[in-house]
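Here's a quick walk through the sheets of this fold and the helices that sit on them. Have a look at the model first, then read on.

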Amino acid sequence: MGASRQLTAPVSNRRALEEVMFNRRYLLAGLLGAPLLTSSLSLGGAEASDGPQEFRIGYQKSSSLLVVAKQQQAFEKRLAELGVNNVKWVEFQFGPPLLEALGAGAVDFGVTGDTPPIFAQSAGASLVYAASSPAVQNALLVKQDSPIQSVAELKGKKVAFGKGSSSHNFTVQALKLAGLDYSDIEPAYLAPADAVAAFTTGSVDAWAVWDPYFAIAEAKHGARPLVTTANEGLDSNSFYLASRSFAEAHPDVLAAVVDELVGVAEWAAANKDELASISAAATGIDLAAQKAAIDRYRIEVHPLSDDVVAKQQAIADTFHALGLIPNPVNVRDIVWNAPTN
């Protein structure tokens with residue numbers, strides 16, 4: 001992108017976003033008076049006057065909603081009303097290191113795919129689920145000229161994906177639907193930057209990754225998807241998580257952040273072209289690839305429903321049965337509930 005490109009939405013779209021945010025603020029009193037999320041975990045209240053000096057957000061290039069929230073300063077404006085005058089943004093390449101930082105208290109809030117929270121909870125990380133969203137698409141990719149035409153043909157092959165990432169679970173589930181066991185492949189645990197090099201040089205036979213890396217691989221590296229999360233039985237969720245200590249100390253701030261994020265999602269769903277432009281400009285990702293990723297992304301933010309919790313629990317149970325996490329976890333134990341007063 002050109003250095004002179006402005007990272008500001010057109011006035012009409014910016015006003016539309018601000019109107020959504022303004023209208024949602026009137027709901028916050030009700031939000032704080034009833035559970036925000038369906039869960040068994042209630043976190044104690046802290047007075048707004050005890051608000052933090054800083055709010056630290058972990059995000060990824062695939063986190064389009066957080067990218068647009070950052071560009072529009074949505075959280076900065078909202079949290080200033082609560083006395084939080086410094087919002088810090090920290091970029092991560094994928095979910096596991098983000099959650100390591102979250103569990104260690106290095107960031108307060110972040111978003112990942114479905115698998116990283118399972119590993120983090122199993123490892124005893126101090127975090128909570130704050131909201132959920134349909135995930136961006138994952139794909140199991142091969143090179144355009146690969147003889148492999150189906151997931152079943154990956155038996156005995158080397159497949160790259162990030163360990164503990166959403167693509168880890170996607171790979172497990174795709175293999176299962178194809179009649180293969182996880183042990184039927186040779187996993188290559190690689191972060192996206194390393195995986196793309198292995199993929200393009202032929203060091204691995206297939207690569208599982210999420211958008212926008214999926215879209216970039218299609219456009220730049222001739223990648224061909226064998227299966228994606230759009231296929232029946234392979235859809236997944238992303239999760240907005242918070243440090244447990246932050247959620248306990250500042251529930252009013254976390255409730256305001258989630259509420260603001262819902263408003264950002266409403267605006268983004270109605271303005272996908274503008275979302276793609278903002279994301280491309282902010283991340284340096286080619287606009288065509290960013291647009292392809294966003295066009296196939298269902299943009300919503302919700303409380304964690306019973307169905308979402310059950311699906312996340314099924315992932316946890318599968319990973320424990322495979323020996324990928326050392327101990328069982330109860331997902332519902334760390335689902336956040338907004339304060340009731």
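## Two sheets and their helices

Let's start with one pairing: strand β5, residues 138–143, runs antiparallel to β9, and five bridges hold the match between them. Within that pairing, Leu141 sits opposite Pro225 of β9. Keep in mind that this is a predicted model.

Where does this pair belong? Both strands are part of an open five-stranded sheet with mixed pairing, ordered β7-β6-β8-β5-β9. The edges are β7 (186–189) and β9 (223–228); each has a single partner strand, so one side of each has no neighbour in the sheet. From one strand to the next, the twist averages 30 degrees. Helix α8 packs on this sheet, with contacts to β5, β6 (158–161), β8 (206–210) and β9.

There's another open sheet of five strands, again with mixed pairing, and its order is β2-β1-β3-β10-β4. Here β2 (87–91) and β4 (127–134) are the edge strands, pairing on one side only. Neighbouring strands are turned by 20 degrees against each other on average, ignoring direction. Inside the sheet, β3 (residues 109–112) and β10 (residues 237–243) are antiparallel partners over four bridges, and Thr112 has Phe239 in β10 as its bridge partner. Helix α14 packs on this sheet and touches β4 and β10.

The two packed helices and their angles look like this:

| Helix | Residues | Angle to a strand |
|---|---|---|
| α8 | residues 192–201 | about 145 degrees with β8 |
| α14 | residues 306–321 | about 90 degrees with β10 |

Technical notes: Residues are numbered from 1 along each chain as its sequence is written. This is a predicted model: local features need pLDDT of at least 70, side-chain atom pairs count only at pLDDT 80 or more; totals for chains, interfaces and linings use all residues. Side-chain values use heavy atoms; hydrogens and water are left out. Two strands pair if DSSP finds at least two bridges between them. Helices (H or I, at least four residues) and strands (E, at least two) are DSSP runs, numbered from the N terminus. Axes are lines fitted to C-alpha atoms, for helices over the stretch in contact, and angles run from 0 to 180 degrees between N-to-C directions. Contact means heavy atoms within 4.5 Å.
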